[in-house]
Amino acid sequence: MSPDVSLDVSIVVPVFDEEGAAPDLAREIAGAFAGRAYELIFVDDASRDGTRAALGALGAEIPGLRVVAHARNAGQSRAIRSGVLAARAPIVVTLDGDGQNDPADAPRLVDRLVAAPAGLAMVGGVRVKRQDTLAKRYASRFANGVRGALLHDSAADTGCGLKAFRREAFLRLPYFDHLHRFLPALMLREGYEVAFEPVGHRQRQTGRSKYTNLGRLWASLSDLGGVMWLASRARNPGPVTEIASSERAEQHRDDDQVEGAHQDDHGSSGETRLLRR
């Protein structure tokens with residue numbers, strides 16, 4: 001997708017069977033980014049309900065809304081990647097499609113990322129006062145503790161769907177299913193820096209969770225080995241710069257001499273021809 005210099009941020013929201021939550025969430029996001037140059041991309045991961053139709057009906061109400069549709073269900077990580085590939089802005093924000101992330105927090109993450117040096121590639125949200133069941137909070141705390149101890153990614157809450165990152169940095173990461181759970185570690189592997197901001201968390205109002213506690217825990221733990229292997233095989237070259245070849249540098253020097261001869265009031269055309277040779 002070609003970049004659009006008129007856009008500052010692309011908001012990507014993966015959804016699967018979220019007919020009840022998606023329209024109101026789209027309106028909230030549009031309100032949070034009112035006055036900014038943004039596009040809003042909902043990625044429908046082959047929903048079986050009326051999610052796609054409900055979002056399509058919002059086109060006139062939210063001009064910046066785009067709906068990207070999967071032909072087959074491919075999971076949250078694939079939906080996020082499809083949205084990032086479709087995005088046209090240099091900064092991407094992701095939110096979960098169930099409405100539990102508060103869109104009002106998203107512009108703050110974007111502002112911190114935009115104001116930071118280019119080496120900071122991601123600002124992740126850390127949910128405070130989580131509105132989940134006790135069992136889900138314990139499972140998340142356990143998984144985050146194990147992951148942090150093994151990957152040293154300084155992340156207290158990789159399960160938070162609210163993140164802002166540089167599109168170019170994301171596309172440098174190796175893709176695999178459940179990628180979205182390991183973004184801090186993978187960004188660090190590529191030599192980038194990451195930061196975190198406290199964000200709000202809300203109760204789910206409609207629909208139901210697509211994950212069980214055991215399923216989510218097993219997916220996270222089973223992927224740890226793969227991410228640890230990726231981290232162990234990383235070789236960071238530091239800053240990469242392009243060095244002009246000697247032939248190109250010589251040509252540049254010749255061009256500068258010719259330009260200087262043209263600017264010399266006492267130079268003759270013969271002198272110019274000599275310098276060209």
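1. In this predicted model, the second largest pocket has a volume of about 280 Å³. Its lining is made up of Arg172, Arg189, Glu190, Gly191, Tyr192, Ala234, Arg235, Asn236, Pro237, Gly238, Pro239 and Val240. By residue class, this lining of the second largest pocket divides into five nonpolar, three polar and four charged residues, with Arg172, Arg189, Glu190 and Arg235 being the charged ones, since Asp, Glu, Lys and Arg are counted in that class.

2. Turning to the aromatic residues, the structure holds three aromatic pairs, of which two are described here. The rings of Phe33 and Tyr38 have centres that lie 6.1 Å apart and planes that stand at 40° to each other, so this pair is classed as tilted. As for their surroundings, Phe33 is buried, and Tyr38 is buried as well.

3. Another pair is formed by Phe165 and Phe170, whose ring centres are 5.0 Å apart and whose planes meet at 15°; because planes under 30 degrees apart count as stacked, this pair falls into the stacked class. Phe165 has a relative accessibility of 0% and therefore counts as buried, while Phe170, with a relative accessible area of 2%, is buried too.

4. A charged side chain also meets an aromatic ring in this model: Arg78 lies over the face of Tyr175, at 5.0 Å from the ring centre.

Technical notes
Residues numbered from 1 in each chain as written. Predicted model: local features only at pLDDT ≥ 70, side-chain atom pairs only at ≥ 80, totals over all residues. Heavy atoms only, no water. Phe/Tyr/Trp six-rings, centres within 6.5 Å; stacked < 30°, edge-to-face > 60°. Buried < 20%, exposed > 50% of the residue type's maximum accessible area, 1.4 Å probe, protein only. Lys NZ or Arg CZ within 6 Å of the ring centre and 35° of its normal. 1 Å grid on protein atoms, 1.4 Å probe; cavity = no way out; pocket = protein on both sides within 12 Å on 5 of 7 lines; lining within 4 Å. Points joined across faces, edges and corners; volume = space filled by probe spheres on them.
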